[in-house]
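Let's take a friendly walk through this structure together. Have a look at the sequence and the 3D view, and then we will go strand by strand.

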Amino acid sequence: MQLRDEAARAGDQPYGAVVVKDGRIVGEAPSRVVTARDPTAHAEMEAIRDAARKLGTRHLSGCDLYGSSPACRMCEAAAYWAGIARLFHGAEAAGGRPPQL
């Protein structure tokens, strides 16, 4: 829960997310809604942006998105448009173990 805790320590909402491709984290972020004063800076959105930058593409097919809580409709839509294959949250991720977000 490192990213979630990082967000809370920074004074933001306690959420974190990672994008995984082929078992490797390719994007990660805490929530930055409060600190960036950006209502779209949800952890999932920021992780998708980070993955797109790192991979050099907006097409994230073959990637999975893991969040510390269920994705909102905005984040679900962004994942869809990015081509993300699956979304996981909380204890549902990693075979019943919470991901280290």
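In this predicted model, strand β3 (residues 63-67) and strand β4 (residues 86-89) pair in the parallel sense, with 4 bridges between them. You can find two places where they meet: Leu65 stands opposite Leu87 in β4, and Tyr66 stands opposite Phe88 in β4. To get from one strand to the other, follow the chain through helix α3 (residues 73-82): β3, α3 and β4 together make a right-handed β-α-β unit.

Now turn to the other neighbour of β3. Strand β1 (residues 16-21) is joined to β3 by 5 bridges, and these two strands run antiparallel. Here Val18 is the residue opposite Tyr66, the β3 residue that also stands opposite Phe88 in β4.

Stepping back, how many strands form the open sheet, and in what order? There are 4, arranged β2-β1-β3-β4, and their pairing is mixed. β2 and β4 stand at the edges with a single partner strand each, so one side of each has no neighbour in the sheet. From one strand to the next, the twist averages 20°. Helix α1 (residues 2-9) packs on this sheet, where it touches β1 and β2, and its direction makes about 20° with that of β2.

Is β3 mostly covered or mostly open? It is mostly covered, with 5 of its 5 residues buried. In a regular strand, side chains alternate between the two faces of the sheet. For β3, both faces are covered: Cys63, Leu65 and Gly67 are buried on one side, and Asp64 and Tyr66 are buried on the other.

Some of these residues lead us into the nonpolar cores. The largest has 17 residues, and the members touching the most other members are Val19, Ala47, Ile48, Leu60, Cys63, Leu65 and Ile84. Two or more residues come from each of β1, β2 (24-30), α2 (43-55), β3 and α3. Helix α2 gives the most, with 5 residues. Try picking out Ala47 in the view: beyond its neighbours within four places in sequence, Ala47 is in contact with Ala17, Val18, Val19, Gly27, Glu28, Ala29 and Leu65. Apart from this core lies another, of 5 residues, and among them are Leu3, Val18, Val20 and Tyr66. So our tour comes back to a familiar pair: Val18 stands opposite Tyr66 in β3, and both belong to that other core.

Note on methods. Residues numbered from 1 in each chain as written. Predicted model: local features only at pLDDT ≥ 70, side-chain atom pairs only at ≥ 80, totals over all residues. Heavy atoms only, no water. Buried < 20%, exposed > 50% of the residue type's maximum accessible area, 1.4 Å probe, protein only. Pairing = 2+ DSSP bridges. Right-handed = clockwise from strand over helix to strand, strands pointing away. Core = buried A, V, L, I, M, F, W, Y, C linked by side-chain atoms within 4.5 Å. Contact = heavy atoms within 4.5 Å. Axes fitted to C-alpha atoms, helices over the stretch in contact; angles between N-to-C directions.
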